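Please open the structure in your viewer and keep the sequence panel visible. The tour below proceeds stop by stop, with a selection to make at each one.

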2 protein chains.
Amino acid sequence: MALTQTLDRKGQIQAAAQNLFRERGFAATSMRDLAKAVGIEPASLYSHITSKESILREICFHMADQFFEQLDQIDGQANPAEQLKQAIIGHISVIRKNYDASAVFLHEWRFLEEPNLGRFKSLRRDYEQRFRAILEAGQAAGQFRQMNMKIVLPTLFSSMNWAYEHVKPATLLPPEEVGETIWRLFVQGLEHK
Amino acid sequence: MALTQTLDRKGQIQAAAQNLFRERGFAATSMRDLAKAVGIEPASLYSHITSKESILREICFHMADQFFEQLDQIDGQANPAEQLKQAIIGHISVIRKNYDASAVFLHEWRFLEEPNLGRFKSLRRDYEQRFRAILEAGQAAGQFRQMNMKIVLPTLFSSMNWAYEHVKPATLLPPEEVGETIWRLFVQGLEHK
DNA sequence: TAATTTAGCTAACGAACGTTAGGTAAGTTA
DNA sequence: TAACTTACCTAACGTTCGTTAGCTAAATTA
């Protein structure tokens with residue numbers, strides 16, 4: 001990440017780890033790679049962290065916190081379509097603000113060890129349920145058509161999560177534009193009315 | 001995959017590798033893990049393959065072949081919306097027929113070494129262009145609304161590619177149903193007309 | 001049947017892995 | 001100033017990594 005010089009050592013390690021874990025994956029990144037990126041000896045990392053997995057753990061759970069915080073800012077009075085729009089834009093904004101960390105959150109969580117792995121999966125399930133509730137409210141209110149939620153829900157998440165895996169230029173599209181386009185695609189479809 | 005007993009050794013190695021690379025990732029799967037899954041000694045693998053990367057290479061390019069074959073079966077006379085439907089269902093069918101291998105294709109290709117990595121990326125770009133051409137034909141014909149293709153195209157691919165990463169029950173939904181639901185979502189949207 | 005190939009084995013190579021032990025020199029606190 | 005803490009170092013630990021060398025016994029071919 002940028003502005004590394006303003007971070008303390010712990011922060012530098014986390015930032016470098018986010019970047020390396022994103023680019024090469026957790027398993028293919030060695031502690032020696034990480035130490036080199038930070039500019040210290042491998043053994044010195046252990047003055048600041050307790051294990052390789054602990055770095056991954058902090059990245060994953062910190063991202064989870066941010067996704068939940070964003071959900072809490074949705075207008076509870078708005079109609080389902082409007083709530084969905086806010087949730088989509090919020091989700092994408094969190095990804096965009098944490099380019100490296102969100103890729104790690106999305107792809108590398110499986111290298112968490114128990115009990116963290118179980119806790120993580122549980123949080124993820126809760127988060128998905130919040131989106132499901134919005135979609136079902138839309139159906140109950142007659143605003144959304146009846147569709148198989150087992151398909152629509154993962155499709156929505158896949159659509160929101162693509163942002164991290166593309167090259168920088170594409171990801172520089174403003175989150176509001178990406179979010180609104182995906183939302184319009186989902187609500188109105190490609191076809192002219 | 002099932003029916004291992006009907007495969008020759010090379011085929012068994014490929015099937016086991018597809019499964020392990022999907023479940024743990026390429027980097028976190030050792031040749032000793034692979035040998036154990038096949039039931040032979042690690043060194044014996046090298047009677048059938050030339051390197052760990054060569055296994056990955058065969059998986060990735062074999063999947064690429066299948067995706068392109070599927071595209072060639074689309075009805076060139078049909079209108080863009082119909083062509084899109086066929087392309088989506090075809091893409092998802094290929095994934096479904098190759099549950100493990102498609103996950104490897106989608107996630108582990110970055111561990112290819114040059115020049116295979118470059119060749120792979122190029123094939124991928126070509127494949128995406130074929131979908132883009134269908135969408136743009138729909139816009140040119142006035143059937144699809146004008147939307148930012150830099151967003152719509154990756155959204156479409158993300159939507160099609162989720163199938164592999166979910167637990168078995170969800171993936172047992174028939175490809176036609178998944179494909180048609182995603183297609184309807186894209187063309188008509190969630191909202192009632 | 002003799003010669004060759006195939007498919008596996010044991011053993012081991014050098015390199016890289018995550019991590020720990022133990023020390024040093026500078027900065028901080030009592 | 002003396003005691004302690006912090007942030008790093010060098011050195012090395014035991015393990016695992018992908019892969020090779022060299023062998024054997026069975027299957028195949030001449």
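The stops that follow go from one whole chain to its helices, then to the DNA strands and to single residues.

**Before starting**

This is a predicted model, in which local features need pLDDT of at least 70 and side-chain atom pairs count only at pLDDT 80 or more, while totals for chains, interfaces and linings use all residues. Residues are numbered from 1 along each chain as its sequence is written, chains are lettered from A and ligands numbered from 1 in the order in which they are written, and side-chain values use heavy atoms, with hydrogens and water left out.

**Stop 1: chain A as a whole**

Select chain A and display it as a cartoon. How many helices and strands does chain A have? Its secondary structure comes to nine helices and zero strands, and the pattern along the sequence reads α-α-α-α-α-α-α-α-α. Helices (H or I, at least four residues) and strands (E, at least two) are DSSP runs, numbered from the N terminus.

Chain A has 193 residues, of which 53% count as buried. Buried means under 20% relative accessible area, exposed means over 50%, and partly exposed lies in between (1.4 Å probe, protein chains only). Consider next the contacts in chain A between residues at least 6 apart in sequence: 69% of them join residues at least 24 apart. A contact means heavy atoms within 4.5 Å.

**Stop 2: two helices of chain A**

Select residues 9-24 of chain A, which form helix 1, and residues 52-71, which form helix 3. Two packed helices are described by the angle between their axes and the distance between the axes. Here the axes come within 10 Å and cross at roughly 85°, which means that helix 1 of chain A is roughly perpendicular to helix 3 of chain A. Axes are lines fitted to C-alpha atoms, for helices over the stretch in contact, and angles run from 0 to 180 degrees between N-to-C directions. Angles under 35 degrees count as roughly parallel, over 145 as roughly antiparallel, 65 to 115 as roughly perpendicular and the rest as oblique.

Show the side chains at this contact. Helix 1 of chain A contributes A:Lys10, A:Ile13, A:Gln14, A:Ala17, A:Gln18 and A:Phe21, and helix 3 of chain A contributes A:Ile55, A:Leu56, A:Glu58 and A:Ile59. By class, the contact has six nonpolar, two polar and two charged residues. Ala, Val, Leu, Ile, Met, Phe, Trp, Tyr, Cys and Pro count as nonpolar, Asp, Glu, Lys and Arg as charged, and the others, Gly among them, as polar.

**Stop 3: DNA strand C**

Select DNA strand C and the residues near it, that is, those with a heavy atom within 4 Å of the strand. There are 16 such residues, and the closest are A:Tyr46, B:Arg9, B:Glu41, B:Ser44 and B:His48. Of the strand's atoms within 4 Å of the protein, 53% belong to sugar and phosphate. The surrounding surface has five nonpolar, six polar and five charged residues.

Now look for polar contacts, which are pairs of N or O atoms within 3.5 Å; within protein, one must be able to donate a hydrogen and the other to accept it, and residues adjacent in sequence count only if both atoms are side-chain atoms. A side-chain N or O atom of B:Arg9 is 2.4 Å from a phosphate oxygen of DNA strand C, and a polar side-chain atom of B:His48 also lies 2.4 Å from a phosphate oxygen of this strand. From chain A, a backbone N or O atom of A:Met31 lies 2.7 Å from a phosphate oxygen of DNA strand C.

**Stop 4: DNA strand D**

Select DNA strand D. Which residues are closest to DNA strand D? They are A:Arg9, A:Glu41, A:Ser44, A:His48 and B:Tyr46, from the 16 residues that surround the strand. Sugar or phosphate supplies 50% of the strand's atoms within 4 Å of the protein, and bases supply the rest.

The side chain of A:His48 places an N or O atom 2.5 Å from a phosphate oxygen of DNA strand D. A polar backbone atom of B:Met31 is 2.7 Å from a phosphate oxygen of DNA strand D.

**Stop 5: B:Ser158**

Select B:Ser158 in helix 7 (residues 149-161) of chain B. Is B:Ser158 buried or exposed? B:Ser158 counts as buried because its relative accessibility is 10%. Not counting residues up to four places away in sequence, B:Ser158 touches A:Ser158, A:Ser159 and A:Trp162.

**Stop 6: a cis peptide bond**

Finally, select A:Glu114 and A:Pro115, whose peptide bond is cis, with omega near 5°. A:Pro115 lies in the loop between helix 5 (99-107) and helix 6 (116-140) of chain A.
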